[in-house]
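I opened this structure to look up its enclosed spaces, its ligand and its ring pairs. My entries follow in the order I made them.

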Amino acid sequence: MRIFVLSGAGISAESGLGTFRDPDGTGIWSRFDPMKLATPEAFARDPETVQAFYNARRQNLLAAEPNAAHAALARLETELERRGGELVLVTQNIDDLHERAGSRRVLHMHGELLKARCMRCAEVTAWTGDLGTRDACPACGQRGGLRPHVVWFGEMPFGMDQIFAALAGADLFVAIGTSGSVYPAAGFVAEARASGIRTCEINLDPSDNAGLFDEHLYGPASASVPAWVDRLLADPRLAKAAPTG
Ligand code: OAD
């Protein structure tokens, strides 16, 4: 069985990282204006403010820990592979909590907060400290060209060809902790449906495109994702281990 999981900010909420849109108005984009912080134009206009925003988020991330939902997906990856299947994990999250929980193959379609990219030489470098507007690129040595390796509004997400190919070959599409309001990720469920793939949403509450899912599991991810993984792995169609050696 080939399972395609799309994760969003909700899976990291219980690790203490904020979500973007919350009905109670506490989401990141209720408190900060994305047009002033998450666009190439904003960065060109005021790089200090944009770097400060991402520096604060990077510090929060370094203090956070993966939760039981991240751990359950790492377990699912291992178990599926052991049984001859595959998990394709695509995340909109720029945190590294999937990796820290043990997931080995994660496609970060919106980039990664713990990396910097040089706009002069295009090199991507691991970056855990604050990023400054005058820092030198470790690869080319030029100053003033480093930016967070994240996708901003108006930019193309990473890995789209790979993502659509994986989606077409999946048996099950599962969206976890995403509001379904930011494209192209919000369109994956319709794509999956059009290919006849079963769809499931795991979220705190119904997402914007809840009507496109065949199955809905509502509740905090730290409880609902492990419960879903347990149920899936107990499915007799998955129970048989693939022959080894
Ligand atoms: P959102 O903040 O839009 O949505 C988070 C979803 O998670 C909501 O539907 C919540 O109900 C749900 N949620 C909150 N807490 C949860 C919990 N404990 N368990 C399960 N679900 C929970 O986040 P995304 O959909 O990921 O892009 O946002 C998509 C993109 O919008 C982000 O990648 C970011 C943002 O602008 C860029 O910055 C380019």
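**Entry 1: the cavity**

I looked up the lining of the largest cavity and found 13 residues, with Leu6, Ala175, Thr178, Asn209 and Phe213 lying nearest its centre. Two elements, β7 (172–176) and α9 (188–194), each give two or more residues to this lining. I noted that the model is a predicted one.

I then looked up the volume, and the largest cavity holds about 70 Å³ of space. With a lower limit of 30 Å³, the count for the structure comes to one cavity. Sorted by class, the lining of the largest cavity has eight nonpolar residues, four polar ones and one charged one.

**Entry 2: the second largest pocket**

Next I turned to the second largest pocket, which has about 220 Å³ of space. I listed its lining as Met1, Asp171, Leu172, Arg198, Glu215, Trp228, Arg231, Leu232, Asp235 and Arg237. Which helix gives the largest share of this lining? I found that helix α10 (residues 221–233) does, with three residues. By class, I recorded six charged residues, four nonpolar and no polar ones in the lining of this pocket.

**Entry 3: the ligand**

I looked up what surrounds the ligand and found 23 residues, of which Phe20, Arg21, Trp29, Thr178 and Ser179 come nearest. The shell around the ligand divides into 10 nonpolar, 10 polar and three charged residues. I wrote down Thr178 again, as this residue is also among those nearest the centre of the largest cavity.

For polar contacts, I checked distances from oxygen atoms of the ligand:

- An N or O atom in the side chain of Trp29 is 2.7 Å from a ligand oxygen.
- An N or O atom in the side chain of Thr178 is 2.7 Å from a ligand oxygen.
- For Gln92, a polar backbone atom is 3.2 Å from a ligand oxygen.

I also looked up how far the ligand is covered. On its own the ligand has 790 Å² of accessible area, and the protein covers 94% of this.

**Entry 4: aromatic pairs**

I searched the whole structure for aromatic pairs and got 11. Why is the pair of Phe4 and Phe188 edge-to-face? The ring centres are 6.2 Å apart and the planes stand at 80°, so I entered the pair of Phe4 and Phe188 as edge-to-face, since planes over 60 degrees apart count as such. Phe4 is in strand β1 (residues 2–7) and Phe188 in helix α9, so this pair links distant parts of the chain, 184 residues apart.

Terms used. Residues numbered from 1 in each chain as written. Heavy atoms only, no water. 1 Å grid on protein atoms, 1.4 Å probe; cavity = no way out; pocket = protein on both sides within 12 Å on 5 of 7 lines; lining within 4 Å. Points joined across faces, edges and corners; volume = space filled by probe spheres on them. Helix = DSSP H or I, 4+ residues; strand = E, 2+ residues; numbered from the N terminus. Nonpolar A, V, L, I, M, F, W, Y, C, P; charged D, E, K, R; others polar. Near = heavy atom within 4 Å. Polar contact = N/O pair within 3.5 Å; in protein donor to acceptor, adjacent residues only side chain to side chain. Areas by Shrake-Rupley, 256 points an atom, 1.4 Å probe, with all protein chains shown as cover. Phe/Tyr/Trp six-rings, centres within 6.5 Å; stacked < 30°, edge-to-face > 60°.
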